[in-house]
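Please read the following note alongside the sequence and the coordinates. The points go from enclosed space to surface, charge pairs and backbone.

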Amino acid sequence: MLKIRFKNKKYSAVWLVEPSIGIGREKTNQLVVTAPEVADHHLKINVNHEQLELVNLVPDTEVLLNGEALVSPRALFPGDVVTLAGVELEVIDPKDEVRTPPAPKAAAATRATNLRVPKSTGWALKANHPTLQNRVFALRPTNLVGRSSECDIALAAAHLSRRHAELNIVDGVLYVKDLGSANGTFLNGRQVTEARIKRGDELRFDTLSFGVIGPADDMSQTTVRQPGRPALNGGKPKAQPVVGQSVNSPSPEPQKSVLPTEAKPRYGAAGLVVLAILAAVVVAALYFTRG
């Protein structure tokens, strides 16, 4: 994705994002040029992916493209220079820029600055919009999102408000708050004013969509299982055979089951006599009956 900036002023670069950006004195433009001869809305750059078209909205004023007068819409390419009221603007491709190593003093200052950078919060936004090329924005404890270059996440999109929304991380939890934007803030397709964000959610500022990257929720972490009921064998380990033990080794004798003793007959000598008499009576009765 390409940018446009004031020549020799890298800090003022503006992303060229769809559908277009405006250039002029009015503060609603994505790139503000405050020269007296510049109209409120002087130039427009139409954007279709990386195909750019420069349009002069005030035809009676002189606008130069690479030193030649712009009399009709013209295509823009990286390296082109647009001159408006003596102010030079250039189109750049950030991938083509070569970073020069900082001077020793600057490098030392950079290291000192890095020492004060807070640790990562673990939260980030990954762009889903093709013009942002899956760019990842690491989040600080407090983040301002909008079209203004003063925002922590500055997105030069015409449909965003200058201060569109705010992202805050409180005790490791991410929250979004819409700052009264014109086109709204959406969480998983639902417009919100203020809401909590979780990992994997889709956060959208009007048409610019982002995937949320963050730490895992508590429920997705491994928990310690509570101790179960005691084992049926009382927790004693089961006896295992010892390697090398002789087959003839004595083994514990099994416990003998105790059976109930049989009930002894309660008949004494008198009982036997009674039985003998009854038997004799029966035999005599049979003899007389047959006789």
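**Notes on the predicted model**

The second largest cavity is lined by M1, L16, V17, V47, H49, E50 and T131.

1. On scope: this is a predicted model, in which local features need pLDDT of at least 70 and side-chain atom pairs count only at pLDDT 80 or more, while totals for chains, interfaces and linings use all residues. Residues are numbered from 1 along each chain as its sequence is written, and side-chain values use heavy atoms, with hydrogens and water left out.

2. On the cavity named above: about 30 Å³ of space lies in the second largest cavity, and its lining comprises 4 nonpolar, 2 polar and 1 charged residues. A cavity here is a set of points, on a 1 Å grid over the protein atoms alone, where a 1.4 Å probe fits but cannot get out, and lining residues have an atom within 4 Å of a point. A volume is the space filled by probe spheres set on the points, with grid points joined across faces, edges and corners. As for the classes, Ala, Val, Leu, Ile, Met, Phe, Trp, Tyr, Cys and Pro count as nonpolar, Asp, Glu, Lys and Arg as charged, and the others, Gly among them, as polar.

3. On the other enclosed space: the structure holds 2 cavities of 30 Å³ or more, and the largest cavity has a volume of about 40 Å³. Its lining is formed by W15, V17, L132, R135, A154, L155, A156 and L208, a set that divides into 7 nonpolar, no polar and 1 charged. V17 appears in the linings of both cavities.

4. On the surface: L272, V274, L275 and L278 make a nonpolar surface patch of about 410 Å². Such patches are made of residues with over 30% relative accessible area and no salt bridge, nonpolar side chains (Val, Leu, Ile, Met, Phe, Trp, Tyr) being joined within 5 Å and like charges within 9 Å. Accessible areas come from the Shrake-Rupley method with a 1.4 Å probe, and for residues only the protein chains shown count as cover. V274 sits in helix 2 (residues 269-290) and is partly exposed, with a relative accessible area of 46%. Buried means under 20% relative accessible area, exposed over 50%, and partly exposed in between (1.4 Å probe, protein chains only). Helices (H or I, at least four residues) and strands (E, at least two) are DSSP runs, numbered from the N terminus.

5. On charge pairs: how many salt bridges does a search of the whole structure find? The search finds 2 salt bridges, each being a side-chain nitrogen of Lys or Arg within 4 Å of a carboxyl oxygen of Asp or Glu. In one of them, the side chains of E90 and R5 meet at 2.8 Å, N to O. This pair links distant parts of the chain, with E90 in strand 11 (residues 87-92) and R5 in strand 1 (residues 3-6), 85 residues apart. E90 is buried, at a relative accessible area of 13%, and R5 is buried too, at 9%.

6. On the other pair: R140 forms a salt bridge with D152, where the closest N and O atoms are 3.8 Å apart. R140 lies in the loop between strand 13 (136-138) and strand 14 (142-146), and D152 in the loop between strand 14 and strand 15 (153-154), so the pair ties together parts that are 12 residues apart in sequence. R140 is exposed, with a relative accessible area of 52%, whereas D152 is partly exposed, with 41%.

7. On backbone geometry: a cis peptide bond, with omega of about -5 degrees, joins E18 and P19, and P19 lies in the loop between strand 2 (14-15) and strand 3 (20-24). Phi of N66 is near 55 degrees, a positive value in a residue other than glycine; N66 is in the loop between strand 7 (63-65) and strand 8 (68-69) and is partly exposed, with a relative accessible area of 44%. A85, in the loop between strand 10 and strand 11, likewise has a positive phi, near 55 degrees.

8. On contacts along the chain: the C-alpha atoms of D80 and N66, 14 residues apart along the chain, are separated by 6.1 Å. D80 lies in the loop between strand 9 (74-76) and strand 10 (81-84) and is buried, with a relative accessible area of 11%.

Conventions:
1 Å grid on protein atoms, 1.4 Å probe; cavity = no way out; pocket = protein on both sides within 12 Å on 5 of 7 lines; lining within 4 Å.
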